[in-house]
Amino acid sequence: MLVAILPQRAARLHLPAGSRRSPVSCSVAAVDAPARQTQPAPLAHLQHSSLLHGLGSVGDVSASHLPWLLRLAHVRARVSGGDSQEALQASSRGLSAWSAALSRGLLPDDPTLMQLVAEGDDVAASCPPGADPLQAMSWPEEPLRTMLIRAMAKLGVGRLCKKYPAVRDALLKSLLETVVKYHKMLAGIEEEAEEREKDLNGNYFKTAAELKAEEEARRAANRGSHTGDKHHAPAPSYQSPAELAAARLQASVRAAMAAGASGEKATAFALVKELYGTWQGPVETLGRAGRAFEGLEALLGGDGFDLQGSIWKRAGWGQLDELRRKLEELKELRDLVRSLGRGGGWGPLRRAPVQYLDLNARPGLLRTVLEAQETRGLTRSDDISRLLPAEAALLARGRVVRQAKLLFYAKMAEKALQTYERDGWGEYPTQIEPERREIRPTADRGPILLCVDTSGSMRGPRETVAKALALECMRAARQQERGCYVFAFSGPAEVRELELNMDAASVNNLLEFLEKMFNGGSDFNEPVKRCLDRLTDAKWANSDILLVSDGELRQPAPAIMRKLAGAKEALGLRVHGLVVGSPEKKRADPAVLRALCTNYLPSGKVEVLVHTFESWASVQAEAAFALDWDDVAGNTRRRLANLAHEKERMEESRRKKREAKAEQSRTGVLPERSKMPKKF
């Protein structure tokens, strides 16, 4: 792509026509440089390294930024009449200073630039000899530079750019676009207008807003014809999104100049305001996503951060952040998630999070000398059974030499005897420390099969808490490197499957689940059947089932119950139930949930794993969970909204009848009725 674009930029830099350099080399030549006859480079050598070599000592820039740097150099050289190569190097040096500062989580203000100089950064070292480094790295020109730094500080993009390099590259590209627009607007250079797309019949494609404006104009014309008003509303003019953005930008410039600002300040203010509005939504969304998920870099994609991507505009991100804050500190929920799944921790060795002793946690694996399973190396101790031959020889010599005997016992008293180090893994109550990793057995607790009731009875606060519980279970399972598969069920055959992975498709499915309004019945046959099918897969063989519901469940079919009982007996499957909502709810039948969550242990003990959300001590101590479970206020609000919608529908029906009657009186022709099938 660079090979195709850069020759055009080279032509705009007024290169000599006789130059036979490669297209990449020509793109960075000086305006006044004489033509040099060289052999054209083969295509295999037209790589980004050629561009960096041509840019000089400050050419360490991304390939996606080069076209904009060349545009900027062309515009500045055209306006000032100077050397385009000097403009190109000055811009690339300034861009590199922004990149170096953002990589540190900072913004390139004067103190940061002085810090780069003091640290001996490559950008500071590339400044021209004898020039002031602070002035050489200050980019772009004032007043645009100060306004950009203030806007970026208000957005708080420094921490995101330090954590996600793809965001930094996208922000630098947006800055280049803004600087190019700034110089073009000051120079009076108009942007090239993009032609609107047409269909096969030559008609322009219209947006939803244009179609709505066209419909409103048509209705206004019809109302004017009925009242005798001859002055109809003018037909709406169609503008492309780029034209609308340019019009808004010009209006903002005029408003700033009307307030007393100069042309440069007004233009800079309008452009920075546009840039701030473009980045505000994605930055807020990235902050929420970063707090909710680890490993967010996979969501940014291999092609970099897509600022206009639809995934960052989803309404579910706001709900996700709110739900995360509500439930991430519930101790009972963390304990419930850690108790799910089967397996004692024994498995193949691989790199996994470190575990430490916690007597109140569930069983795990710790390395201990009480389990002499393998020899790991050498150590110093007082264990005679693991002596090295040299120490054993010292003990034998002590039979005839008293000093050797005294030396041996002195080392044993100090636990300084050279011995083999033998230890192993033992089962103890442990907690996981995700930040640190080691080589250890990794067959930890098994995965989780989460069934969430999304019936109509779960609307209101129950829906909010159920979504938050599902989200927190998925986050905790991923943090513990365990699988979590969600079945959101309602009526018969209405089951939505969801698995949280670090890819855009999985996160899109999660956001759809959070945005979805619960509705329908409560049929538990299909989700149980799918859970049992999952157990046949080796990845999910050690899973346990967690059912989140308000207790309004129908008894599953006898065949399903027999299969579930068989899985409990043969595989050791356990089913946990979590009741969300008031326990005094009259419509709930606790017998169904108890029957599903009754598990028989090999020892013959019977356990009923039914948990009540409101009975948790953390929930009772938190005022935010004192919820109106029956949602009286919400039902009233929805009823009033439905009445208003019905009123609008009736008014629209009456309007259409009036229009039909007026058309009949004007033409004298009865409107055609659709042919209805006869009823027998």
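## Salt bridges, a helix and a surface patch

Lysine 181 has a relative accessible area of 31%, so this residue is partly exposed. The model in which lysine 181 is found is a predicted one. The side chain of lysine 181 meets that of glutamate 274 in a salt bridge, with 3.7 Å from N to O. Because lysine 181 belongs to helix α11 (residues 165-187) and glutamate 274 to helix α14 (residues 263-292), the pair ties together parts that are 93 residues apart in sequence. Glutamate 274 also counts as partly exposed, at 28% relative accessibility.

This pair can be set beside others, for the structure holds 19 salt bridges. One links aspartate 544 to arginine 574, where the closest N and O atoms are 3.2 Å apart. Aspartate 544 is in strand β8 (residues 544-549), whereas arginine 574 is in the loop between α22 (558-571) and β9 (575-579); the pair therefore ties together parts that are 30 residues apart in sequence. Both aspartate 544 and arginine 574 are buried. Elsewhere, Glu497, Glu526, Arg530 and Arg534 are joined into one network by salt bridges that share partners.

A further salt bridge is formed by glutamate 142 and arginine 145, whose closest N and O atoms are 3.5 Å apart. What relative accessibility does glutamate 142 have? The value is 42%, so glutamate 142 counts as partly exposed. Its partner, arginine 145, has a relative accessible area of 8% and is therefore buried, since the cut-off for a buried residue is under 20%.

From these side-chain pairs the account turns to a single helix. Helix α19 (residues 461-479) has 19 residues, which at 1.5 Å a residue should span 27 Å; the C-alpha atoms at its ends are 27 Å apart, so the expected span and the model agree. Is α19 mostly covered or mostly uncovered? Of its 19 residues, 16 are buried, and the helix is thus mostly covered. Glutamate 481, just after α19, takes a positive phi of about 60 degrees.

The last feature lies at the surface. Tyr600, Val606, Val608 and Val610 make a nonpolar surface patch of about 360 Å². Of these residues, valine 608 is part of strand β11 (residues 606-608). Valine 608 has a relative accessible area of 43%, so this residue is partly exposed; that value meets the requirement of over 30% for residues that make a patch.

Methods:
Residues are numbered from 1 along each chain as its sequence is written. This is a predicted model: local features need pLDDT of at least 70, side-chain atom pairs count only at pLDDT 80 or more; totals for chains, interfaces and linings use all residues. Side-chain values use heavy atoms; hydrogens and water are left out. Patches are made of residues with over 30% relative accessible area and no salt bridge: like charges are joined within 9 Å, nonpolar side chains (Val, Leu, Ile, Met, Phe, Trp, Tyr) within 5 Å. Accessible areas come from the Shrake-Rupley method with a 1.4 Å probe; for residues, only the protein chains shown count as cover. A salt bridge is a side-chain nitrogen of Lys or Arg within 4 Å of a carboxyl oxygen of Asp or Glu. Helices (H or I, at least four residues) and strands (E, at least two) are DSSP runs, numbered from the N terminus. Buried means under 20% relative accessible area, exposed over 50%, partly exposed in between (1.4 Å probe, protein chains only). The expected span of a helix is 1.5 Å times one less than its number of residues.
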